[in-house]
Amino acid sequence: MAHLLRVARGGLSPWRGYCSRGTQGVLSEGFVEALKAVVGSPHVSTAAVVREQHGRDESMHRCQPPDAVVWPQSADQVSQLAALCYGQGVPIIPFGTGTGLEGGVCATQGGVCINLMHMDRITELNPEDFSVVVEPGVTRKALNTHLRDSGLWFPVDPGADASLCGMAATGASGTNAVRYGTMRDNVLNLEVVLPNGRLLHTAGRGRRSRKSAAGYHLTGLFVGSEGTLGLITAATLRLHPVPEATVAATCAFPSVQAAVDSTVQILQAAVPVARIEFLDDIMMDACNRYSKLNCSVAPTLFLEFHGSKQALEEQVQRAEEIVQLNGASHFSWAKESEERSRLWAARHNAWYAVLALRPGCKGYSTDVCVPISRLPEILVRTKEELKASGLTGAIVGHVGDGNFHCILLVDPEDAEELRRVEAFAEELGRRALALHGTCTGEHGIGLGKRQLLREEVGPVGLEAMRQLKATLDPRGLMNPGKVL
């Protein structure tokens, strides 16, 4: 054990101490003892049930468990763990809440899963600068609860109560992105443990300025890197003032085309909408059942407006005029906080609402994003093809950004159905690329979209990414098998 710790601090050593009897995937007793020496015995597990819990996320990708799971309590411990694993050639898989949708936590080559959720402090709040520093175990709901009396909030809101550093790692966004941007727009600085254990502050230690033109944009490099370049141990985030007034609304439409046309026209009219979400008829039926709503089972928009009371009146009036011109009906306003929360809770639970339509099945979510002008074309065609495919699925999306999801249900034991779901998703990804869009707006590449990434960025772009990866992770041990 002492030898392993010395190797971790002193340099690389080829695989010695990792595998018992030369079999990859079985950590030696000495290596496990070395992990315990860093974090303490209670914070290391090799139990099968724990490893399996950490070898899968919410996606349909099969469970691929790590060989051990560790729970560090500090960035220094993360640094020691990374150096120990890297020195012994052991793969490293970062883990947060496990709510990803692309198999990003699957341990494709075994190794050590580093669960960062015990590091859950909000270490610094600077209300005058609209910034906060959080450790990787802090979730978006926990942060906003902490901020409740400050007059500030953090608006990026993926469906799950994900960890904020995990959201940075996947480049997440959510329903508020049309007004407040994605994680890429709201991360000011990151503390990252590199694969060899060295600590990096992407914008410089302690820095939190709103903008900088100093050198390469290292923060942007790690946002969306999906744990393949390092372990994020702290994030400095941009906060926003809580709006003076908020109003939400739902309205049903006679067709998908009418709903999406309304979205484009609202944006073109420069109405500063904070949220504009599309749910098709299947999704509305699922949400009615799961969240006990009583909305029309029809293509529907959920909208929300933020601002002063006077500004809201103007925004609401203009939006209502536009949707009515497109045949909207059942226009319903939600002005009280409790009523709005219920509405958006239903939207955030859309994934689970669809899964409840077919118990026992897994879900697969597409994640394409296209320029706003091409949104009506791709969404209408996707709805038609989903109907014709015979697959069970629903459409929901952050249409204000041109981003939408087909949530497809699949029996994991039915190989033919799985093949059809994968083919549908791949074809949709290529259709988005043909319309000058992307195969993933917010979920990331993970295991399933690597071929689409190659087609999206081209050979030169892919080679540049590989060179960056090789520079920071020359042994290819950080979350192997993902992205590239």
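In helix 4, the residues tucked away from the surface are Ala75, Gln77, Val78, Ser79, Leu81, Ala82, Ala83, Leu84, Cys85, Tyr86 and Gly87, every one of these being buried. Keep in mind that this is a predicted model. Put as a count, eleven of the 13 residues of helix 4 are buried, so the helix is mostly covered. Helix 4 runs over residues 75-87, and its span from the first C-alpha to the last is 18 Å, close to the 18 Å expected at 1.5 Å a residue. Just after helix 4 comes Gly89, with a positive phi of about 70°.

Helix 11, made of residues 281-291, also has its share of covered positions: Met283, Met284, Ala286, Cys287, Asn288 and Ser291 are buried. A bit of helix geometry is handy here. An α-helix has 3.6 residues a turn, so residues three or four places apart point the same way. What do the buried residues of helix 11 pack against? Their partners include three helical and strand neighbours from later in the chain, namely helix 13 (337-348), helix 14 (350-355) and strand 17 (392-398). Strand 13 (273-279), strand 14 (300-307) and strand 18 (403-410) are also packed against by these buried residues. The two ends of helix 11 have details of their own. At its start, Asp280 brings a side-chain oxygen to within 3.3 Å of the backbone nitrogen of Ile282. Just after helix 11, Lys292 takes a positive phi of about 60°.

Next, the empty space. Rolling a probe the size of a water molecule over the atoms shows where empty space is left. How many cavities of 30 Å³ or more turn up? The count comes to one, and the volume of this largest cavity is about 930 Å³. Its lining takes in 49 residues, and those nearest the centre are Thr99, Gly100, Leu101, Ala162 and Thr170. Two or more lining residues come from each of strand 3 (92-95), helix 6 (164-170), strand 10 (231-238), helix 13, helix 14, strand 17 and strand 18. Helix 6 supplies the largest share, with five residues. Sorted by class, the cavity lining holds 20 nonpolar, 22 polar and seven charged residues.

Then there are the pockets, which are open. The largest pocket holds about 910 Å³ of space. Around it sit 28 lining residues, with Arg140, Asn144, Trp153, Arg275 and Ser341 nearest the centre. Helix 5 (140-146), strand 7 (152-153), strand 14 and helix 13 each give two or more residues to this lining. Which element gives the most to the lining of the largest pocket? That is helix 13, with six residues. The lining of the largest pocket splits into ten nonpolar, ten polar and eight charged residues.

The second largest pocket has a volume of about 710 Å³. It is lined by 34 residues, and Arg184, Val223, Gly224, Glu226 and Ile445 are the closest to its centre. Helix 9 (218-222) and helix 17 (450-472) are the elements that give two or more residues to this lining, and helix 17 gives the most, with six. By class, the second largest pocket is lined by 13 nonpolar, 14 polar and seven charged residues.

Two loop residues round off the picture. Glu102 sits in the loop between strand 3 and strand 4 (112-115). Is Glu102 buried or exposed? Its relative accessible area is 2%, and because buried means under 20%, Glu102 counts as buried. The side chain of Glu102 makes a polar contact of 2.4 Å with that of Lys449. Leaving out residues up to four places away in sequence, Glu102 touches Asp57, Ser59, His61 and Ser365, along with His443, Gly444, Ile445, Gly446, Leu447, Gly448 and Lys449.

Pro371 lies in another loop, between strand 16 (362-365) and helix 15 (375-389). The relative accessibility of Pro371 is 31%, which falls between the 20% and 50% cut-offs, so this residue counts as partly exposed. Again leaving out residues up to four places away in sequence, Pro371 touches Leu435, His436 and Gly437. How far apart in space are Pro371 and Val354? The two are 27 Å apart, C-alpha to C-alpha, with their positions 17 residues apart in sequence.

Note on methods
Residues are numbered from 1 along each chain as its sequence is written. This is a predicted model: local features need pLDDT of at least 70, side-chain atom pairs count only at pLDDT 80 or more; totals for chains, interfaces and linings use all residues. Side-chain values use heavy atoms; hydrogens and water are left out. Helices (H or I, at least four residues) and strands (E, at least two) are DSSP runs, numbered from the N terminus. The expected span of a helix is 1.5 Å times one less than its number of residues. Buried means under 20% relative accessible area, exposed over 50%, partly exposed in between (1.4 Å probe, protein chains only). Contact means heavy atoms within 4.5 Å. A polar contact is a pair of N or O atoms within 3.5 Å; within protein, one must be able to donate a hydrogen and the other to accept it, and residues adjacent in sequence count only if both atoms are side-chain atoms. On a 1 Å grid over the protein atoms alone, a cavity is a set of points where a 1.4 Å probe fits but cannot get out, and a pocket is an open set with protein on both sides within 12 Å along at least five of seven lines; lining residues have an atom within 4 Å of a point. Grid points are joined across faces, edges and corners, and a volume is the space filled by probe spheres set on the points. Ala, Val, Leu, Ile, Met, Phe, Trp, Tyr, Cys and Pro count as nonpolar, Asp, Glu, Lys and Arg as charged, and the others, Gly among them, as polar.
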